[in-house]
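Hi,

Here is the structure I promised to pass along, with my notes on what turned up in it. Have a look at it first, then read on.

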Amino acid sequence: MSSSSSSSDDGDTDGGSTSGAGRSGDVYEAPSPSRPRHGANDVWPEPFLESLAVQVAVDASLTAGRLAAAPALANVFRVCTTWQAVSRSDHLWQLISRQVWARTRLMHDTWRDEFIYRHRTATNFRSRNYVRSTLDFDTSDVDEPDSLSCRCLTLSDLYLAAGFADGTVRLFLLNNRLHVRTLRPPLRDRFGRFSRAVSGIVISDSRLVFATMDGDIHVAEINGVGTHTRTAYAGDIVNDGALVDFAGCGRYWVGLFAGVPGRAFHIWDCNSEETTFVGGSLTDPEAVMGWHTLTELTTSLGRLRISGGETAVACTRWRIMAIDLRNQGVIIGEDEEQRRGLLVTGFDANDDAYVRMDSRGNVIVRRVRTQEVVCEFRVSGAAQRRVMGCVNRLHALMCAGGVMRVWEVERGEYLYSVRERVGEVDAIVADDRHVAVASSSSSSTAAVSTIHLWDFGAL
């Protein structure tokens, strides 16, 4: 395993940008009336000051970006000793962490520590301060060429999971960057060379779930041992087609299929593991190509993401569709590009917005549920080179020609290019702390993937 660090920013620029309106939604939760108050004669009761501090932080993040919340709060706490004392309320920092950074899970000793950590990590991300590593994994059990070709990556707070073309999932611990486990699906008849390729991976607190292109869904305990997995759902490839992407959240698993018209979306209840919805025409134009994905390497036919836990948004070459997971089958919004077509590998979504790119590199960031335009920017060279992109809460990352470039997604500002070149990118994923890329180098038999990890929270 090799590692290197990089910091500071250079003066490179790329493209122009325009920005739209700020984020919307509920701005804060008032402190509970059941919480104890100071005496009736207090001019500034603690619950009132907490509400004020939360409102100041949210207003600052809406108008000037999330990094503006911390200095705005510092000004509030400087007013007097009474106001400063409110800053010691962990309940206050829990509210602010949720509203500004959308954090509901405590990863540090206190919520104040959690907020400070998220702010520093975002500052590192903006200023290009990181530690880079190359992840090593055991290849002694590799018995076919496709075992070393990575098809997808997934991050959680603790793990990175990599899915390979032979159906293998390799799990890495983020804190020490070690390969800790290899998972394999049960043996089954193949419908083509890539029918066992991993389509997508979902990581929760207790288990890892992954799906393969033949439509099977497999489950393993996240803290288990060995390679054993359980098949939660057996795919019906003849009637459904190929499962080209797979995603999930706390309540649902969602699959995007191509091959059979009218069956693009499949939704499962992840607790009962029962299918709750099948339908949709999003991938109907890709029906024929869907079958080709089982036997040959093709361009990506579709990408699927979960946004906000209640919406699935998917992209094909000609159309983007958002569907409601609570009212299954209801289309929330559609976005078409009939003239130039969309680059599927340049599409991604976070909890609020999605990033879409046309074949000339023109990028639009839109709100998932309203289709409101947030900002626009351009990725140069997209028409000549393969582009692979992803997005986290604040940034869009686009890889082209071995170079990874970073934009801010609330205003479309170009920030920098990452110094390390990564080669031909096969998969990419990012969260607020990490970026992982699988890139390939050609051998005599098949593509061999190298997994790179950038950690913006380690400094």
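Asn 392 sits in the loop that runs between strand 24 (387-391) and strand 25. Please keep in mind throughout that this is a predicted model. Asn 392 counts as buried because its relative accessibility is 3%, below the 20% cut-off for that class. Its side chain has two backbone partners that I would look at. One is the backbone nitrogen of His 395, which the side chain of Asn 392 reaches at 2.7 Å. The other is the backbone oxygen of Asp 431, which lies 2.9 Å from a polar atom of the Asn 392 side chain. Leaving out residues up to four places away in sequence, Asn 392 touches Phe 125, Asn 350, Ala 430, Asp 431 and Asp 432.

Asn 392 also brings us to the cavities, since it is one of the residues that line the largest cavity. The structure holds 3 cavities of 30 Å³ or more, and the largest has about 90 Å³ of space. Which other residues line the largest cavity? Alongside Asn 392, the lining is made of Trp 101, Arg 118, Thr 121, Ala 122, Phe 125, Arg 393, Leu 394, His 395 and Asp 432. Two contacts of Asn 392, Phe 125 and Asp 432, are thus in view again here, as both belong to this lining. So is His 395, whose backbone nitrogen the Asn 392 side chain reaches.

Helix 5 (residues 111-127) gives the most to the lining of the largest cavity, with 4 residues. By class, that lining divides into 4 nonpolar, 3 polar and 3 charged residues. It also draws on two domains: domain 1 (46-126) and domain 2 (129-455) each supply at least three of its residues.

The second largest cavity has a volume of about 60 Å³. Its lining consists of Arg 386, Met 388, Cys 399, Ala 400, Gly 401, Gly 402, Val 403, Gly 423, Glu 424 and Val 425. Strand 25 (395-400) and strand 28 (424-430) are the elements that give two or more residues to this lining. Its classes come to 5 nonpolar, 3 polar and 2 charged residues.

Gly 423, from that second lining, deserves a look of its own. You will find it in the loop between strand 27 (414-417) and strand 28. Is Gly 423 buried or partly exposed? Gly 423 counts as partly exposed, because its relative accessibility is 35%, which falls between the 20% and 50% cut-offs. Outside its neighbours up to four places away in sequence, Gly 423 touches Gly 402 and Ser 439. Of these, Gly 402 is another residue of the second cavity lining. Gly 423 and Val 437 are 14 residues apart in sequence, with their C-alpha atoms 10.0 Å apart in space.

Now to another part of the chain. His 266 lies in strand 14 (residues 265-269) and is buried, with a relative accessible area of 1%. Its side chain reaches the backbone oxygen of Arg 263 at 3.5 Å. Beyond four places in sequence, the residues His 266 touches are Asp 240, Trp 253, Val 254, Gly 255, Phe 257, Phe 277 and Val 278.

Val 260 is in the loop between strand 13 (252-259) and strand 14. With neighbours within four places set aside, Val 260 is in contact with Val 238, Asn 239, Asp 240, Gly 241, Asp 284 and Trp 291. Asp 240 therefore appears in the contacts of His 266 and in those of Val 260, where contact means heavy atoms within 4.5 Å. The C-alpha atoms of Val 260 and Ile 237 are separated by 9.4 Å, with their positions 23 residues apart along the chain.One last residue: Asn 362 is in strand 22 (residues 362-367) and is partly exposed, with a relative accessible area of 25%. Not counting residues up to four places away in sequence, Asn 362 touches Arg 340, Arg 356, Met 357, Phe 377 and Arg 378.

As for the whole chain, it has 7 helices and 30 strands. Of its 459 residues, 55% count as buried. Among contacts between residues at least 6 apart in sequence, 51% join residues at least 24 apart.

Happy browsing, and best wishes!

Methods
Residues are numbered from 1 along each chain as its sequence is written. This is a predicted model: local features need pLDDT of at least 70, side-chain atom pairs count only at pLDDT 80 or more; totals for chains, interfaces and linings use all residues. Side-chain values use heavy atoms; hydrogens and water are left out. On a 1 Å grid over the protein atoms alone, a cavity is a set of points where a 1.4 Å probe fits but cannot get out, and a pocket is an open set with protein on both sides within 12 Å along at least five of seven lines; lining residues have an atom within 4 Å of a point. Grid points are joined across faces, edges and corners, and a volume is the space filled by probe spheres set on the points. Ala, Val, Leu, Ile, Met, Phe, Trp, Tyr, Cys and Pro count as nonpolar, Asp, Glu, Lys and Arg as charged, and the others, Gly among them, as polar. Domain bounds come from an automatic or database domain assignment. Buried means under 20% relative accessible area, exposed over 50%, partly exposed in between (1.4 Å probe, protein chains only). A polar contact is a pair of N or O atoms within 3.5 Å; within protein, one must be able to donate a hydrogen and the other to accept it, and residues adjacent in sequence count only if both atoms are side-chain atoms.
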